[in-house]
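This report describes selected local features of one protein model. The sequence and the structure are shown first, and the description follows.

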Amino acid sequence: MRFYSTNNPDVTVSAEEALFHSMPADNGLYMPAVVPYRNASFVDHIAEGSLADIAFEISRLYFGDTVPDHALADLVQQAFPFDTPVYELEKARKYVLELFHGPSLAFKDVGARYMAAFMSYFSQKTDKEINILVATSGDTGGAVAMGFHNVEGVRVSILYPKNRVSDLQEKQLTTLGGNIQAFEVDGSFDDCQAIVKTAFLDEELNKVLSLSSANSINIFRLIPQSFYYFRAYGQLKQVGTPIVFSTPSGNFGNLSAGVLAQRMGLPIRKFVAATNLNNVVPNFLVSGLYEPKESVSTISNAMDVGNPSNFVRLCHLYGNDLDTIKQNIDGYFYTDDETKMAMQQIYQQYSYMACPHTAVGIKGLEHYLENDGQACGVALATAHPSKFKPLVESVLGRPVDVPERLARLAERTKQAVAIPANFFAFKESLLQTVA
Ligand SMILES: *Cc1c(COP(=O)(O)O)cnc(C)c1O
């Protein structure tokens with residue numbers, strides 16, 4: 001499979017190039033040259049399998065010409081030793097798709113681990129050290145840090161906004177050591193993202209270092225996120241009613257992956273784009289105008305994005321046609337107070353503890369279902385509630401159990417390089433730490 005840039009569809013690159021270069025020089029985003037469409041019997045058949053089985057079948061459609069089957073089979077086993085189960089809130093009507101059973105307890109494990117597996121596969125062919133730069137609003141960093149920790153030939157630099165990630169998120173970024181280095185940026189997530197984007201375009205830096213990204217802009221993060229939509233369908237198709245997915249969204253990688261699954265033939269009636277007050281996309285779905293804003297801080301901090309980097313992809317997947325986009329996606333957004341009330345209501349009604357992001361997704365789903373009596377609704381549970389323990393405990397007034405693997409991190413010491421929100425400060429500091 002070849003990949004084109006959203007800024008210049010005429011030029012295409014190989015999978016390996018899209019993986020390592022992440023972003024085309026023209027500042028666009030890579031997209032598959034052809035979205036492989038498959039018929040209902042193929043879809044029904046592959047959806048029967050485990051997450052790793054589904055990953056294998058779909059990966060073949062994209063990378064079968066690049067990576068032989070036996071290697072692909074290994075890579076998907078390596079990436080996905082866990083499942084993405086659905087949890088029933090209301091029979092045949094309301095479910096959550098739990099995406100937090102990986103090592104960092106958030107859905108970003110899926111993309112990060114898949115990418116790490118492919119990068120180590122391809123980098124074995126060269127002896128060049130790869131430097132991965134990644135900006136995180138909270139959960140990407142942990143997933144990438146854990147996915148790449150001790151992967152040979154790869155160094156990872158993680159930029160995160162100071163005081164805007166939870167304590168446990170910060171521990172995941174800053175305590176592993178070895179090939180993982182954290183930068184604590186005195187600014188917002190958008191500042192972190194802007195620094196990373198500038199780094200990729202900086203000639204001098206690119207001369208000295210072989211730079212790669214692990215942000216959701218990398219197409220190798222996006223493709224694997226489509227797998228769990230198939231997995232959800234496999235678990236729910238016996239319900240027999242059309243499926244609607246509600247995706248709590250920030251950079252819109254997760255929702256774009258759902259649209260990719262739909263374009264591959266997965267029958268999805270509708271998507272709900274659920275956000276916090278960073279509501280650029282819900283506003284766009286009403287007005288048709290895309291107006292990026294400064295991000296605002298909320299309790300669902302992994303969705304505090306004012307200019308979602310995957311918005312362009314979402315549009316491309318629907319042929320840049322506003323009517324098609326509106327037909328397929330409904331948008332809802334919620335304040336922090338509404339999110340807290342939703343967390344309480346979900347707990348009272350279903351004894352289910354939702355992290356604030358997941359609560360936004362469930363709330364959006366409930367909103368949608370009020371006007372659709374037929375659908376089987378699935379909200380994506382993007383993180384485990386214990387990742388936001390103090391908040392969830394104060395909102396629900398009860399203790400939250402922390403899984404052992406996360407609890408162990410709390411005792412470790414943070415190590416991060418503090419920098420201002422400025423590209424040159426980062427560049428200097430990066431060259432020092434890597435040299
Ligand atoms: C990253 C993240 C999101 C937002 O996902 P996008 O793909 O950026 O839209 C939502 N919830 C949690 C817990 C996250 O970590």
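Is Asn-150 buried or exposed? Asn-150 is exposed, with a relative accessible area of 60%; here buried means under 20% relative accessible area, exposed over 50%, and partly exposed in between, for a 1.4 Å probe and protein chains only.

The model is predicted, so local features need pLDDT of at least 70 and side-chain atom pairs count only at pLDDT 80 or more, while totals for chains, interfaces and linings use all residues. Residues are numbered from 1 along each chain as its sequence is written, and side-chain values use heavy atoms, with hydrogens and water left out.

**Loop residues**

Helices (H or I, at least four residues) and strands (E, at least two) are DSSP runs numbered from the N terminus. Asn-150 lies in the loop between helix H6 (139-148) and strand E7 (154-161), and has a positive phi of about 65° although it is not a glycine. Leu-105 also has a positive phi, near 65°, in a residue other than glycine. Three loop residues are listed below.

| Residue | Loop between | Relative accessible area |
|---|---|---|
| Leu-105 | strand E5 (94-98) and helix H5 (108-123) | 1%, buried |
| Asn-150 | helix H6 (139-148) and strand E7 (154-161) | 60%, exposed |
| Ser-309 | helix H13 (280-287) and helix H14 (311-317) | 9%, buried |

Leaving aside residues up to four places away in sequence, Ser-309 touches Leu-29, Gln-193, Ser-216, Ile-217 and Asn-251; contact means heavy atoms within 4.5 Å.

**Helices H3 and H4**

Two packed helices are described by the angle between their axes and the distance between the axes. For helix H3 (residues 51-63) and helix H4 (residues 69-79), the axes come within 9 Å and cross at roughly 140°. That angle makes H3 oblique to H4, since angles under 35 degrees count as roughly parallel, over 145 as roughly antiparallel, 65 to 115 as roughly perpendicular and the rest as oblique. On the H3 side, Ala-52, Ala-55, Phe-56, Ser-59 and Arg-60 meet Asp-69, Leu-72, Ala-73, Val-76 and Gln-77 of H4. By class, this contact of H3 with H4 has six nonpolar, two polar and two charged residues.

**Helix H17**

Helix H17 (residues 356-369) has 14 residues and reaches 20 Å from its first C-alpha to its last, close to the 20 Å expected at 1.5 Å a residue. Twelve of the 14 residues of H17 are buried, so the helix is largely enclosed by the rest of the structure. Among them are Pro-356, His-357, Gly-361, Glu-366 and Leu-369.

Terms used. Expected span 1.5 Å × (residues − 1). Axes fitted to C-alpha atoms, helices over the stretch in contact; angles between N-to-C directions. Nonpolar A, V, L, I, M, F, W, Y, C, P; charged D, E, K, R; others polar.
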